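Please look through the model shown here with its cysteines, one of its helices and its internal spaces in mind. The paragraphs that follow take these topics in turn.

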Amino acid sequence: MCVRSCFQSSCLQWAWRTAFLKHIQRRHQGSHRWTHLGGSTYRAVIFDMGGVLIPSPGRVAAEWEVQNRIPSGTILKALMEGGENGPWMRFMRAEITAEGFLREFGRLCSEMSKTSVPVDSFFSLLTSERVAKQFPVMTEAITQIRAKGLQTAVLSNNFYLPNQKSFLPLDRKQFDVIVESCVEGICKPDPRIYKLCLERLGLQPSESIFLDDLGPNLKAAASLGIHTIKVNDPETAVKELEALLGFTLRLGVPNTQPVRKTMEIPKDSLKKYLKDLLGIQTTGPLELLQFDHGQSNPTYYIRLANRDLVLRKKPPGTLLPSAHAIEREFRIMKALANAGVPVPNVLDLCEDSSVVGTPFYVMEYCPGLIYKDPSLPGLEPSHRRAIYTAMNTVLCKIHSVDPQAVGLEDYGKQGAYIPRQVRTWVKQYRASETSTIPAMERLIEWLPLHLPHQQRTTLVHGDFRLDNLVFHPEKPEVLAVLDWELSTLGDPLVDVAYSCLAHYLPSSFPVLRGFNDCDLTQLGIPAAEEYFRMYCLQMGLPPTENWNFYMAFSFFRLAAILQGVYRRSLTGQASSAHAEQTGKLTEFVSNLAWDFAVKEGFRVFKEMPFKNPLTRSCHTWARSQSQWYPIGTRSYSSVPEASPAHASRGGLVISPESLSPPVRELYHRLKHFMEQHVYPAEPELQSHQASAARWSPSPLIEDLKKKAKAEGLWNLFLPLEADPEKKYGAGLTNVEYAHLCELMGTSLYAPEICNCSAPDTGNMELLVRYGTEAQKARWLMPLLEGKARSCFAMTEPQVASSDATNIEASIREEDSFYVINGHKWWITGILDPRCQLCVFMGKTDPHAPRHRQQSVLLVPMDTPGIKIIRPLTVYGLEDAPGGHGEVRFEHVHVPKENMVLGPGRGFEIAQGRLGPGRIHHCMRLIGFSERALALMKARVKSRVAFGKPLVEQGTVLADIAQSRVEIEQARLLVLRAAHLMDLAGNKAAALDIAMIKMVAPSMASRVIDRAIQAFGAAGLSSDYPLAQFFTWARALRFADGPDEVHRATVAKLELKHRI
């Protein structure tokens, strides 16, 4: 198995590119080979395993590191450590066991990355059946080699699994000889292992060919006289092997298969038609295969009398209106033949359905490469970039064609292209609809309301993507653009957006592979934004601002197409064998489309001048119906299902049951987790907080964190507006998170268990919004993983810190450092031994304007000069292990690169940090209150005083009623504030935020106090969470800003907007 160079591939896909080659025996001249000049007839082919027969471990490592947030290259460095005497090489020589290797390897990885690395997980993935599958192209090649009488062997550096079996996920019957390093105790590139393989084959070196993906291994083989092939990707390697052996290793035409039973066409009538068309006389057979590429119009390879042809036809059965327009395909390709756009040479359009059952056209077969995997595995980064540049260039050529000059001026209507397209695809979707998909319903309403104001009109391809292009086998040049079924006159930006779909789809997407889980920088593939800028530069156009609309529309259209394919699969009409899978994909794609609609909504709202947010109605905002839209939208309730954001001014979701299905499922999963794990653990957690070990994290908390993370109940707090790509969090809106945050608030411990507790949430959001990539890598990732904690140092004992401009701590520049001095207190979390970061706010320029004096620094907690004076208590509670500390910072030197945004930006950052975090405490306080009321109700039902149950006492009933009313009032105000934050942003929601911060803590204090009263003295004890609930509700009237400040804010805004 490969060790070094195999890890150089940063591609995260396992699939390989597929080639349409007319001359399959032609050698790929771009491949590098170590060669031996002596020659004789080859009698055996020897294969390496990893990177040749099965996917390279490098791809496994790269994907795994991304998914587990491990620093890139960690695995490679650890494997290389120690060279021949390192743990990896000793493992492959069977000098240590799998258990010993993983222990030593895990230690190396953790030391190098400075974080815990779960190497067991990597090893399991590397050896799993899902990953370790033999490439079909290699299986076919081995079959052909053996059929010609040659021997085959596998020569692999591999290892023993824990079950004492060697890792060889291959059919051993394929090989005459198998040589494994762990069995022999020798690893490549040691010459002895090659000689051992040759000895067992009974051959001389010059009689064999060796395939490997590592230069050192190939060089060692070549030095012995073995002919070698360096494998960059399986397809290219097989072509090179064909050239050396002199015979074909692949049967038939690439990307074809026997014609599916439901797609069979009459050969006799077709043969007669073709003989008349081509003017040939032949008695030979007509060879007919079906291409497996494509989902719409069945496409066939035909070979007749040495002519290679392609036939493309409409599918059988009743078709949707205007779909499968092969006549248009034929017309535009014929028109573009001499217009500088590479297209296949079309021969004839036959509209006589008696020939093959439906209309069809015939074109010449165009040999070349079709890249079905957009991540382009096996290519160098520079080659990948050149491929995408060529793709961009040919799209510009299409959009530069003058329709009138090529006779296509009537090929489509002029103007209003996107409105027509929206109507068309809505009709197509409705005609093939099999069930209700909420995101599609939202998009059907949203798209007509957000159409671009200006649109250019050019020729558009309609389905422009990488796998519809045929590339030259030797250079990055497009030889032909295929599949023109959806072409027309329209807005060219639709083509640009559609060609970027792969940027946002996962590599596991079965119908249209993507690479959103890949590192594009390492791959060399331009990001979608760069690809779009490249297009605008070539076309001489300014970049459009509403790119997100075009992406939303493109994914909506894809969803409609997938739904059509699925509907046809139910009746056997779809041309692809994978069509039945698409039923589950439509909803996935429509949710992606809605995500882009949300982003476009945020963009629009950010640009809107929100001069008077109070002019709206105080009830939930109504859903505006489009007068333009003729087909009709569906409404299922007065409170529609929530979307990933209410950017289209959707209704306010006041009940968890009205959340969108994915978020509703998340809510119920969290509720079940709380009931099964959190509430039962509370007594033990409370005991730990009162024990001598209280200043160390509870092992039970850490165990519950792992369970929460495993169940996807992790980092739920980051708002979609701050993290639109869902790179760091769950992608919830503020309204959606409000419902989950309230649920977590019913326990004092749940927020930390789900990594949603302050002050980490605010600090993580600060890093997401304002941090550099280096700052994110060092601080954000450990916080997101729950491997570190943090604190925020702003409050000072000498000044009224409710006014952030009062702070006096100094930040002074000195050489390459900032030196800080100051006295801080009530620094929550600073006593926690896991606290690694202090976000420090101080003054860099006391003479600057009042709100430009402050700056924010990221201070490592192990920096000399940080002195914790004492822990502070809240009503006697220490809140261990994080606590609240009084701290002095004395001549603390912090590198300049730890400054956030820059000097003088501290007040701005502090305000931004309190964005959604402003109301998280309010959300949790609703949870406090609900739990307190639930405990109160249970208590009064079980207790008797003065001759009757407490529940029958009038004052108790009045308290219960008053608590319920106050909770509901506060919840509605919290949700309205969250709703406005989603719609218009934090600034526009300032009044609502101030009101709820006035209301929630006081309300919670009253509700909890009534519950304590109902419990009697027990309510004051630690046997119940009421005392702690009350303590923190009261403290939040300071910690989240004093009531007086919020009252002043409300009054000022009231006077400003209401007079």
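How many disulfides does a search of the whole structure find? In this predicted model, the search returns 0 disulfides. Cys182 takes part in none, and the nearest cysteine sulfur, which belongs to Cys187, is 8.7 Å away, whereas a disulfide would require two cysteine sulfur atoms within 2.5 Å. Cys182 also counts as buried, at 4% relative accessibility. For Cys536, the closest cysteine sulfur is that of Cys396, and because 8.8 Å lies between the two sulfur atoms, they are too far apart for a bond. Cys536 is buried as well, with a relative accessible area of 4%.

The helix to consider next is α14, which runs through residues 417-432. Its 16 residues reach 22 Å from the first C-alpha to the last, close to the 22 Å expected at 1.5 Å a residue. Of these 16 residues 12 are buried, and α14 is therefore largely enclosed by the rest of the structure. Among the buried residues are Trp425, Tyr429 and Val426, but also Arg420 and Arg430. The elements that cover the buried residues of α14 include the helices α15 (438-446), α16 (492-498) and α19 (547-569), together with the strands β14 (458-460) and β17 (488-490).

Turning to the internal spaces, the model has 5 cavities of 30 Å³ or more. The second largest cavity holds about 130 Å³ of space and is lined by 16 residues, with Pro374, Arg465, Leu466, Ala502 and Arg513 lying nearest its centre. The lining of this second largest cavity is made up of 10 nonpolar, 2 polar and 4 charged residues.

Note on methods
Residues numbered from 1 in each chain as written. Predicted model: local features only at pLDDT ≥ 70, side-chain atom pairs only at ≥ 80, totals over all residues. Heavy atoms only, no water. 1 Å grid on protein atoms, 1.4 Å probe; cavity = no way out; pocket = protein on both sides within 12 Å on 5 of 7 lines; lining within 4 Å. Points joined across faces, edges and corners; volume = space filled by probe spheres on them. Nonpolar A, V, L, I, M, F, W, Y, C, P; charged D, E, K, R; others polar. Buried < 20%, exposed > 50% of the residue type's maximum accessible area, 1.4 Å probe, protein only. Helix = DSSP H or I, 4+ residues; strand = E, 2+ residues; numbered from the N terminus. Expected span 1.5 Å × (residues − 1). Contact = heavy atoms within 4.5 Å.
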